[in-house]
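Please look through the sequence and the structure shown below. The report that follows takes up a few of its strands, helices and single residues in turn.

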Amino acid sequence: MKILPSIKNAYLLIDHDTIVDYGSMDDIQNLDADQVIDATGKMVLPTWCDSHTHIVYSGNREQEFVDRINGLSYEDIANRGGGILNSAEKLQNTSEEDLYQQSAKRLQKVIKLGTGAIEIKSGYGLTVDAELKMLRVIKRLKKEFPLKVRATLLAAHAIPKEYKNDKTAFVDLVINKMIPEVAKEQLANYIDVFCEKGYFDLEDTERILKAGKEHGLIPKIHVNQFNAFGGVGVGVKYEALSVDHLEEMNIEDIDVLKNSATMPVALPSCSYFLSIPYTPARQIIDAGLPLALATDYNPGSTPSGNMNFVISTACIKMKMTPEEAINAATINGAYAMGIGTMYGSITKGKKANLIITKEIPSYAFMPYAFGENHIDNVIINGQII
Ligand code: NIG
Ligand code: FE
């Protein structure tokens, strides 16, 4: 992760949607291109691969934001019936068309901020119909937008009011109805669970991951956001592609990730917004593990889909180097979406998904001069957006 290979004064050749060549301008030999983009003084990077978002949602939650400023915690708000249940009520009362339009606007914005591949979760439906509605919206986004979209079923995101006193019945519904239906309609690639105190425990998580796997859904879980109690081990046991959040980590969690193929994913904008600890990136990376960075874009804990901010925050607050942060936000993010062979780096044969920056002195300038937009152009599948 410490090494970010780069070429100064370089060319890059795209054929249709594919990177076909690159190298030093000194070595360029009678190249005849249809279109030339002059990037003098600029940098060309792979687009960001945002492997964890909840970009499909309805309305917003500014009131909870104000309530937290006035002293309530994220947990207090959830216990009052706010939080995820608040978003679920809004979403249940929103038409599929309206939900699509609201979500499409956000997707447009994040593409302009350099995101070229994105994972999107369900989880604000909490009923069979509303979860399917969310996943159909994700499917339509996938069809209408040029960027790569991966879909995740996060049916076990919170315990709906009606199941307050019978969580097992809700987990049964997820296992016996939602997972089979979603798998049958091929609406998701991944299965996710919010494994947390007050949400879903280790046993619920195991049951859901197992059922998901049996239906061809690969696990990716929310774990260790507020409490560390062994969820990372469950993720590894079920061969999760990624374990996400990890604000609270103990040594057992680090150890269990070694010799696994599971990618740890940090979401620093969530830590920033909720004022909770940052994922201990140094401890993770210095233990020889990889790390990916993603936004967690959602209305409750992270109302921002800006990967540039994520990278800055990772450098400033988590002591990641610019090289580590950029690798975490590109190639490692692509791995965490199962698309590493076609996305996440400038490699011959991979998709031509590229960021062209404004004129900047170095790539470290991007996280350094935080809060500013350093992107001039975004290219997706070889097309300038
Ligand atoms: O990843 N932690 C669980 N889910 C989201 C937040 C959900 C919400 O508050 O709406 C997250 O932070
Ligand atoms: Fe999340």
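## Strand E12 and its partners

In this predicted model, strand E13, which covers residues 375–380, is joined to E12 by 4 bridges, and the two strands run antiparallel. One of the residue pairs behind this pairing links isoleucine 356 with asparagine 377, the latter lying in E13. Strand E12 also pairs with strand E3 (residues 44–46), again in the antiparallel sense and over 3 bridges, and here leucine 45 has isoleucine 355 of E12 as its bridge partner.

In a regular strand, side chains point alternately to one face of the sheet and to the other. For strand E12 (residues 354–357), both faces are covered, since Leu354 and Ile356 on one side are buried, as are Ile355 and Thr357 on the other.

## The parallel sheet and its helices

A separate heading is given to the open sheet of 8 strands, whose order is E4-E5-E6-E7-E8-E9-E10-E11 and whose pairing is parallel. Strand E4 (48–50) and strand E11 (292–293) form the edges, and because each has a single partner strand, one side of each is left without a neighbour in the sheet. At the E11 edge, 2 bridges connect E11 in the parallel sense with strand E10, residues 263–266, and valine 265 has alanine 292 of E11 as its bridge partner.

Helix H6 (residues 167–184) packs on this sheet, where it touches strand E6 (148–156) and strand E7 (190–195), and its direction makes about 150° with that of E6. Helix H7 (residues 202–214) lies across E6, E7 and strand E8 (218–223), and it runs at about 175° to E7.

## Glutamate 196

Between E7 and H7 there is a loop that holds glutamate 196. What is the nearest side chain of opposite charge to this buried residue? It is lysine 197, at 6.6 Å, and glutamate 196 has no salt bridge.

The side chain of glutamate 196 does, however, reach the backbone nitrogen of phenylalanine 226 at 3.0 Å. Beyond residues up to four places away in sequence, glutamate 196 touches Asn224, Gln225, Phe226, Asn227 and Phe229.

## Tyrosine 335

Tyrosine 335 belongs to helix H14, which spans residues 331–335, and with a relative accessible area of 34% it is partly exposed. Its contacts, when neighbours within four places in sequence are left aside, are with Leu241, Ala261, Met263 and Gly340. Of these, methionine 263 is 72 residues from tyrosine 335 in sequence, while their C-alpha atoms are 7.7 Å apart in space.

Definitions and conventions: Residues numbered from 1 in each chain as written. Chains lettered and ligands numbered in written order. Predicted model: local features only at pLDDT ≥ 70, side-chain atom pairs only at ≥ 80, totals over all residues. Heavy atoms only, no water. Pairing = 2+ DSSP bridges. Contact = heavy atoms within 4.5 Å. Axes fitted to C-alpha atoms, helices over the stretch in contact; angles between N-to-C directions. Buried < 20%, exposed > 50% of the residue type's maximum accessible area, 1.4 Å probe, protein only. Lys, Arg positive; Asp, Glu negative; His and termini not counted. Salt bridge = Lys/Arg side-chain N within 4 Å of Asp/Glu carboxyl O. Polar contact = N/O pair within 3.5 Å; in protein donor to acceptor, adjacent residues only side chain to side chain.
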